[in-house]
Amino acid sequence: MRPKPALRTELLFYLSFLAAFAILVGVATSLLALSAVPGQGVVLVVVLVAAEVGVFLLYGRTLVSRLILRPLGRVIAAADAVADGDLEARAPDAATRDFATLAERLNRMTDRLLDAQSQLVRSEKLASIGRLAAGVAHEVGNPLGAVGTYVEVLRRRGADAEVTAGIARELERIDRIVRSLLDYARPHEDPLQVVDAARVAAGAFELLKAQGAFRGVRAQVDVSPDVPRILGRARVLEQSLVNLLLNAVDAAPPPGGQIVIGARRWAYEPGHAPPMRASDPPPHAAHPRRPERRPSRIEFAAGQPGALLFVADSGPGVAPHDRDKVFEPFYTTKEPGRGTGLGLAIVARSVDEMGGVVWVDAAREGGAVFKMFFPAA
């Protein structure tokens, strides 16, 4: 791509050209007028010079308008739109390097403002839902325990075994929901420590593999050797990866399902995502990602080094309009009775508390890929 010229260079070039052309035209006009009409040559020279000055003024006005006023007006219009609350407004590109840089800096400032607003809204939402979840779990927990006691009494008194078993099964489901609510509402107060993200990812895979969770599906680990260490909580990170892996198993059922868990060194870039496999041969092409789906955290700068963990599957994937909603509590794309809608919400809260971001994209396996990014320790 050809580099854009600087505004100073453009102005100096055009003004030098204008001055030289004006001198040449003035000299040529004077000589022509004096030789053509010797008696009235001075008057004719004055008239011609005035006409030439008018032409050069129009040219200069056009030049200043094209190089300065129009780009500046577009930048001012974008800044006014942002000031009026339209955070989707962006300054357009410009022909010169100076105004292109100014537009890029303004757009970056707007992106950071949008990220800060999104993070504030998300934090307030997490806190309010956490308080609500804690209250609901507390209020439901006591009567739930009493109902369980009554079911046990009915069983001992010879009630229908099938009925008591059904009630116990549903009570157990309610208990899981209540425990999930408590897990979501309970903040992690233990301090962050240096964690080997690649080791945690491999450990989560081996844990489920030993339990036979991957029976009937093709599951593999893709961990690069240069994954940096991060600040986090190893147990919480492992639980998050286990949750994502179990969701991937549900999304890509056997036979023929494919699941990949991996970790790699990554530089945070909000505008595009490079390939997600350490085994990808160079050159590494970038895959564009729409801005509304990018991970956002105001303390991350473009190029922030860190670790990227991902879990991909070959299931049906997540529709673009659902990719932000899947992390909200009680929102699930599973069939009724198969999920509570709290698993991904707990993952999102845990990742946020550890200083990372989580998002979902389309996987090359055809399904969804959940990605978590944490800055390098």
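Q: How far apart should the ends of helix H5 (residues 197–210) be, and what does this model show?
A: Count the residues and allow 1.5 Å for each. This is a predicted model, and in it the 14 residues of H5 should span 20 Å; the end C-alpha atoms are 20 Å apart, so the two agree.

Q: Which residues of H5 are buried?
A: Start with the general idea: an α-helix has 3.6 residues a turn, so residues three or four places apart point the same way. Now the case here: Ala197, Ala198, Val200, Ala201, Ala204, Phe205 and Leu208 are buried.

Q: And what covers the buried residues of H5?
A: Their cover includes strands E1 (193–195), E2 (218–223), E3 (230–232), E4 (258–268) and E7 (304–313), along with helix H6 (234–251).

Q: What can I look for at the two ends of H5?
A: At the start, look at Asp196: one of its side-chain oxygens comes within 3.3 Å of the backbone nitrogen of Ala198. After the helix comes Gly212, with a positive phi, near 75°.

Q: How do I read the largest nonpolar core, and which residues touch the most other members?
A: In soluble globular proteins, nonpolar side chains tend to be buried together. Here the largest core has 40 residues, and Leu237, Leu241, Leu309, Phe370 and Met372 touch the most other members. Elements giving two or more residues to this core are H5, H6, E4, E7, helix H7 (343–353), strand E8 (357–362) and strand E9 (368–375). H6 gives the most, with 8 residues.

Q: What does Leu309 touch?
A: Leaving aside residues up to four places away in sequence, Leu309 touches Ala197 and Ala201, both of them buried residues of H5. Its other partners are Leu237, Leu241, Gly262, Ala263, Phe370, Lys371, Met372 and Phe374. There is also a second, separate core of 7 residues, with Trp266, Tyr268, Leu308 and Val357 among them.

Q: How much of the chain is buried, and what share of contacts is between residues 24 or more positions apart?
A: Of the 377 residues, 38% count as buried. Among contacts with a separation of 6 or more, 76% are between residues 24 or more positions apart. As for the elements, the chain has 7 helices and 9 strands.

Q: Where is the pLDDT below 50?
A: Where pLDDT is low, the predicted coordinates should not be read in detail. The chain has a mean pLDDT of 76, and 73% of its residues reach 70 or more. The value is below 50 over residues 283–293, a stretch that has 26 contacts in the model beyond near neighbours in sequence.

Definitions and conventions:
Residues are numbered from 1 along each chain as its sequence is written. This is a predicted model: local features need pLDDT of at least 70, side-chain atom pairs count only at pLDDT 80 or more; totals for chains, interfaces and linings use all residues. Side-chain values use heavy atoms; hydrogens and water are left out. Helices (H or I, at least four residues) and strands (E, at least two) are DSSP runs, numbered from the N terminus. Buried means under 20% relative accessible area, exposed over 50%, partly exposed in between (1.4 Å probe, protein chains only). Contact means heavy atoms within 4.5 Å. The expected span of a helix is 1.5 Å times one less than its number of residues. A polar contact is a pair of N or O atoms within 3.5 Å; within protein, one must be able to donate a hydrogen and the other to accept it, and residues adjacent in sequence count only if both atoms are side-chain atoms. A nonpolar core is a set of buried Ala, Val, Leu, Ile, Met, Phe, Trp, Tyr and Cys residues joined through side-chain atoms within 4.5 Å. pLDDT is the predictor's confidence in each residue, from 0 to 100.
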